[in-house]
Amino acid sequence: LIKWNGQWYTKEQLEKKIPPQYVEAPAKNTPEEVYAKFREALLRDDIEVALGLIVEKKREEFRKDFENKEVLAKYKNIPDVSQIKKHEKDSIGNFASYSYFTQEQKKDDIPFYVRFIKNSEGYWEIEFI
């Protein structure tokens, strides 16, 4: 038994009240697949599909960004999936980090970053791009 907030719970009861904070489900897609679908959706002007590939808590923020045509044009300019590079030391478990350069950048410039999170159902989603 575990005492929490003045009440006694079994381990099972407490797990129902406070679900695990870290779950690593088997992957049902890859970050590269998500990135490619995101880019393709933007190029087709299918904003809803692109938003569906972003973590839920950030979708409205991205929706507002995509309403600005100049900002949307910059997102449409992200390179093909073959041009993104995985950062192994920053990628572990449910988290993956990648970087890329745009055509306008030089190789000594600071790259752009993409962060992915795998949700509890095993699907990778974009957290930051």
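This report describes a sheet, a helix that packs on it, and two individual residues in a predicted model.

## The sheet

Four strands make up an open sheet, in the order S3-S4-S5-S6, and their pairing is antiparallel. At its edges stand strand S3 (85-86) and strand S6 (124-128), each of which pairs on one side only. Helix H2, residues 31-43, packs on this sheet and touches strand S4 (95-100), S5 and S6. The direction of helix H2 makes about 70 degrees with that of S6.

## Pairing from strand to strand

Beginning at the S3 edge, strands S3 and S4 run antiparallel and are joined by 2 bridges. Within this part of the sheet, Lys85 is found opposite Ser99 of S4. Strand S4 also pairs with S5, in the antiparallel sense and over 6 bridges. Here Tyr98 has Val114 in S5 as its bridge partner.

Strand S5 covers residues 112-118 and pairs with S6 over 4 bridges, again in the antiparallel sense. In this pairing, Ile117 has Glu125 in S6 as its bridge partner.

## Strand S4 and Ser97

Strand S4 is mostly covered, as 5 of its 6 residues are buried. In a regular strand, side chains alternate between the two faces of the sheet.

Ser97 has its place in strand S4. Is this residue, Ser97, buried or exposed? Ser97 counts as buried because its relative accessibility is 11%, and the limit for a buried residue is under 20%. Leaving aside residues up to four places away in sequence, Ser97 touches Lys85, Lys86, His87, Asp90, Ser91, Val114 and Arg115. Two of these contacts recur in the strand pairing: Lys85 stands opposite Ser99, and Val114 is the bridge partner of Tyr98.

## The loop after helix H2

Helix H2, which packs on the sheet, is followed by a loop that leads to helix H3 (47-52), and Asp45 lies in this loop. Which sign does the phi of Asp45 have? The phi of Asp45 is positive, at about 60 degrees, although Asp45 is not a glycine. Most residues other than glycine have a negative phi.

Asp45 has a relative accessibility of 48% and therefore counts as partly exposed, since a residue must be over 50% to be classed as exposed. Ser97 in strand S4, by contrast, counts as buried at 11%.

Conventions: Residues numbered from 1 in each chain as written. Predicted model: local features only at pLDDT ≥ 70, side-chain atom pairs only at ≥ 80, totals over all residues. Heavy atoms only, no water. Pairing = 2+ DSSP bridges. Contact = heavy atoms within 4.5 Å. Axes fitted to C-alpha atoms, helices over the stretch in contact; angles between N-to-C directions. Buried < 20%, exposed > 50% of the residue type's maximum accessible area, 1.4 Å probe, protein only.
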